[in-house]
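The following exercises concern a single protein model. Please work through each task before reading its solution.

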Amino acid sequence: MSNTDSGLPIGRGLLYLIVAGAAWGTAGAAASLVYRTSDMGPIALSFWRCAAGFVLLLAVRLLRPRARAVQLTAAVSQPLGRKALRAGVTGVGLAVFQTAYFAAVEATGLAVGTVVTLGAGPVFIALGARLTLGERLGRGGVVAVAGALTGLAVLALGGEGATVRPWGVFLALVSAAGYSVMTLLTRKWGRDGGTDAAGTTVWAFAVTSLCLLPLALTEGLLPHTADLVRLGWLLAYIAAVPTALAYALYFAGAVAVRSATVSVIMLLEPVSAAVLAVVLLGEHLTAPTLAGTLLMLGSVAGLAVAETRGARREREQERDPMPA
């Protein structure tokens, strides 16, 4: 199995991203249960999600001896200012991504907001990776991205009377831009070497929480509920699985895998959300849901195979270089 500049095997990086995308998809179902249980708003939920995720990640980092050793090594190898800059930029990008997405959904609806945000992300990232990182998709990659975007549109818009509002579309594009910058920088820093992805993730959540706090206070930070225990369990799940676990895996995998591949694999989020809606929330399995899911899963599988083959070819070229 081929290793990348980050030291993480490509196959493991792909697995991390697949698990992260699937875990992200469970956040929507959990959030819908939070809204049914309390009057908590989406920005306040994002704040508590990120703040609790920060606490969990920091606790794991401090309690694991190996994590402390990595933290010490990274502290020696990287200037403090560079680590702070990377955590700050990642945290701001994450805050822009989440907040602009929620605002887009409010302005133009869930279907259009999701399609524009998640659909523009792979396009922005593919262009950015080509211009700034020299990464090429290739013909197969272009076909896979096109298939994934088609599947996303069918999945989100099929059978719904969606309303497109320019302001909401603009906010969705801002959200996609924040996600793209975060992904591209994570990949670039990983290629430069010496990146402590876990440490960056921890402190990025601290920055994101600080960015979201004023907005959450305006919306209403403390929820009212008649079932505090149930709300507590839901918030704990959201903080632990689709936040702390998923983002830790995402940032680790994004260092090892090409940026455009990362963006398409993350489209597993709406796929897993759609599956959960059918299995757990009682929604009907429609033809657009099935067709969009199959298109996106096929595209993700195709890109994963292409990524692994590309890494194998690079390893063979390094082992048997062509004569000058």
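**Exercise 1.** State how much surface the protein exposes and what share of it carbon and sulfur atoms supply.

*Solution.* In this predicted model, the exposed surface of the protein comes to about 15,700 Å². Carbon and sulfur atoms supply 68% of that area. As for the interior, 47% of the 324 residues are buried.

**Exercise 2.** Determine how many helices and strands the protein has.

*Solution.* The count gives 12 helices and zero strands. Among contacts with a separation of 6 or more, 88% join residues 24 or more positions apart.

**Exercise 3.** Check whether the length of helix 2 agrees with the span expected at 1.5 Å a residue.

*Solution.* Helix 2 covers residues 42-63, that is, 22 residues. The expected span is 1.5 Å times one less than the number of residues, so helix 2 should extend over 32 Å. Its end C-alpha atoms lie 31 Å apart, in agreement with the expectation.

**Exercise 4.** Describe the packing of helix 2 against helix 9, and identify which residues of helix 2 take part.

*Solution.* First, the geometry: the axes of helix 2 and helix 9 (residues 228-256) are 8 Å apart and form an angle of about 65 degrees. The crossing is right-handed.

Next, the contact: helix 2 contributes Leu45, Arg49, Ala52, Gly53, Leu56 and Leu57. Its partners in helix 9 include Leu235, Ile238, Pro242 and Tyr247. By class, the residues of this contact comprise 12 nonpolar, two polar and one charged.

Finally, burial: Leu45, Arg49, Gly53 and Leu57 are among the buried residues of helix 2.

Notes:
Residues numbered from 1 in each chain as written. Predicted model: local features only at pLDDT ≥ 70, side-chain atom pairs only at ≥ 80, totals over all residues. Heavy atoms only, no water. Axes fitted to C-alpha atoms, helices over the stretch in contact; angles between N-to-C directions. Helix = DSSP H or I, 4+ residues; strand = E, 2+ residues; numbered from the N terminus. Left-handed = near helix turned anticlockwise from the far one by under 90°. Contact = heavy atoms within 4.5 Å. Nonpolar A, V, L, I, M, F, W, Y, C, P; charged D, E, K, R; others polar. Buried < 20%, exposed > 50% of the residue type's maximum accessible area, 1.4 Å probe, protein only. Areas by Shrake-Rupley, 256 points an atom, 1.4 Å probe, with all protein chains shown as cover.
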